[in-house]
Number of protein chains: 2
Amino acid sequence: MTVLAGGVGGARLAQGFALAGVPLDVVVNVGDDTVLHGLNISPDLDTVMYTLAGLADEERGWGLRGESYATLTQLTALGEDTWFTLGDKDLATHVARTARLRAGAPLSAVTAQLAAALGVAARILPVTDDPVATLLDTPSGRLAFQEYFVRRRHADAVLGLTYDGIDDARPAPGVLDAVTGADVVVVAPSNPFLSVFPVLGVPGVRRALETTTARRLAVSPIVGGRAIKGPAAQILETLGHEVSALGVARLYAGLVDVMVIDDVDAALAPAIEALGLDVLVTDTIMGGADGRERLARALLESS
Amino acid sequence: MTVLAGGVGGARLAQGFALAGVPLDVVVNVGDDTVLHGLNISPDLDTVMYTLAGLADEERGWGLRGESYATLTQLTALGEDTWFTLGDKDLATHVARTARLRAGAPLSAVTAQLAAALGVAARILPVTDDPVATLLDTPSGRLAFQEYFVRRRHADAVLGLTYDGIDDARPAPGVLDAVTGADVVVVAPSNPFLSVFPVLGVPGVRRALETTTARRLAVSPIVGGRAIKGPAAQILETLGHEVSALGVARLYAGLVDVMVIDDVDAALAPAIEALGLDVLVTDTIMGGADGRERLARALLESS
């Protein structure tokens, strides 16, 4: 069982599979990785790791529960530009990651160590150990991912995207096997442009998904014409795609066998089937742990 | 007014001069600098900075008052070896310093920025921007400074010292001028071997002290045959020096004009004068702010 994931949506669905007791690989986007205060920060990897460890701050949607901000407050006092909120516990992840990367360990090995230390049983795989940076062309110019997403609160219209470095990136150890060797591969209800395509764009990954014998499902991040979370709807619109589960299905046609759409979008099923995709209509709004496990089991039962 | 300082003793005397309203340069040892969790840590510089900012944890003798340890606790959970205690606020100093050093700024510039951000009026100068590492030969082998000092609680007998890198180190901008251009230079009551000699050993610094027209004073860190703090007494003993203000005076003869000794050591004055040094006998135990200012004023009045 392999999940291709970005941040929150992928993390929550992955947790659903983990709760359902399924051995799990999660291949995670790194296009949102950044360096702040000299620290290597991997928000999507950490969201997956913290969620699978049961430590995520679910209300806020990022970071760890029960955080304090003593270091960040002092960084501000020292003149650092602290627009990106980092909790004290979260900082430990970034400090440890940065130290180990600097000592020469690849991101995949560091991620495995950190996840194991937090008691995560699933295998969390950064899609690549090489740097990939999602850049966004907007009316205000080209923005780095976290500049766009956090600092400017994804308010800019996205006119185009570049995954800088992706052509030279190599899949991290285990990534291609996780796709080709799985029984089921699920494209998580993550943002296609911000989360999924920078995973598929790493040379070899799209081909692995195209050729795997696994049953391939994609869960629409658009429900009732709106994104469950984040700017997926706006991005689909400014890039000229239909803002619906059908619009998402068109992006994934040829890559997956089954499009998973929400009950409220049941009427779109015939049009999606016309793309050559099977359709699973179910409640895709996960909410808490119960809903995540419910959706995971619905996907497993359909496979 | 220039103080040559290590950690606590130098920091407290420097604060005394600051409280006395004297424009102040503090030239600080960096032989105790270390890298932990990938972060550049400069304990002596930070002790001076925190003390002059009025933020030091005076009871503990290091770090900042009112610290929390959320990041360190999490670093431990992530498998980092956390024998060196780092508070959350203190970590901000190390994170900001490391980021700025990695961005290419020299330690002296970073120190000036951090000190200014904390409201320190005095100029804090690392003796050099180049790496110098105090290494200690002990019956257990050669130890890095913090390994000896913190991890093993300076319990090992010191049979010899090496200031690794010191011959290639250049004085940081302003250091030589701070010694040659001052009216008064004070060698703080710091450990001669761990704090003062790695300052004087940076090429040009000893010569600057030998040739300055400033009145030069040294305050004995040994009072009544014991160190005020730390392993100065043990080190003097194992290296074959007399464990007394006289033993310290012998180390500094030719480098300073005045040896400042405590009232309890008044009987040593004739022997110290026989070395060609003037002697100032006063209460050298500083305690809190009042005592620091009192000692600073006593030194100024004698100059």
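Q: Before we start, what does "buried" mean here, as opposed to exposed?
A: A residue is buried if 20 or more other C-beta atoms lie within 10 Å of its own, exposed if 12 or fewer, and partly exposed in between, with C-beta atoms placed from the backbone. A:His37 counts as buried because it has 24 C-beta neighbours inside 10 Å.

Q: Thanks! What kind of model is this, and how are things numbered?
A: This is a predicted model, in which local features need pLDDT of at least 70, side-chain atom pairs count only at pLDDT 80 or more, and totals for chains, interfaces and linings use all residues. Residues are numbered from 1 along each chain as its sequence is written, while chains are lettered from A and ligands numbered from 1 in the order in which they are written.

Q: Back to A:His37, where is it and what is its phi?
A: A:His37 is found in the loop between β3 (34–36) and β4 of chain A; helices (H or I, at least four residues) and strands (E, at least two) are DSSP runs, numbered from the N terminus. Its phi is near 55 degrees, a positive value in a residue other than glycine. Most residues other than glycine have a negative phi.

Q: And what about A:His154?
A: A:His154 has a positive phi of about 40 degrees, although it is not a glycine. It lies in the loop between α6 (145–151) and β8 of chain A. A:His154 counts as buried because it has 20 C-beta neighbours inside 10 Å.

Q: Switching to β8(A), which way do its side chains point?
A: They alternate along residues 160–164. A:Leu161 and A:Tyr163 point to one face and are buried, while A:Gly160, A:Thr162 and A:Asp164 point to the other and are not.

Q: In what sense does β6(A) pair with β8(A)?
A: Strand β6 (residues 133–138) and β8(A) pair in the antiparallel sense over 5 bridges; two strands pair if DSSP finds at least two bridges between them. In β8(A), A:Gly160 is the bridge partner of A:Asp137.

Q: Now the two chains. How many residues are in contact?
A: 25 residues of chain A are in contact with 25 residues of chain B, where contact means that the C-beta atoms, placed from the backbone, lie within 7 Å. The elements giving two or more residues to chain A's side are α3 (70–77), α4 (88–102) and α5 (107–117). α4(A) gives the most, with 10 residues.

Q: How do the chains superpose?
A: A rotation of 180 degrees with 0.0 Å of shift along its axis superposes chain A on chain B, with RMSD 0.0 Å; the fit is by least squares on the C-alpha atoms of residues with pLDDT of at least 70 in both copies. That is the relation of a two-fold axis. Of the residues of chain A, A:Asp88 comes closest to the rotation axis, at 3.5 Å (C-alpha). The same surface serves both copies, as 100% of the contact residues of chain A recur in chain B.

Q: Last topic, α1(B): how many of its residues are buried?
A: 11 of its 12 residues are buried, including B:Val8, B:Leu13 and B:Phe17. Just after α1(B), B:Gly21 takes a positive phi of about 80 degrees.

Q: What does B:Ala14 touch?
A: Not counting residues up to four places away in sequence, B:Ala14 touches B:Val3, B:Ala5, B:Leu24, B:Val26, B:Val48, B:Leu52 and B:Ala122.

Conventions:
Two residues are in contact if their C-beta atoms, placed from the backbone, lie within 7 Å.
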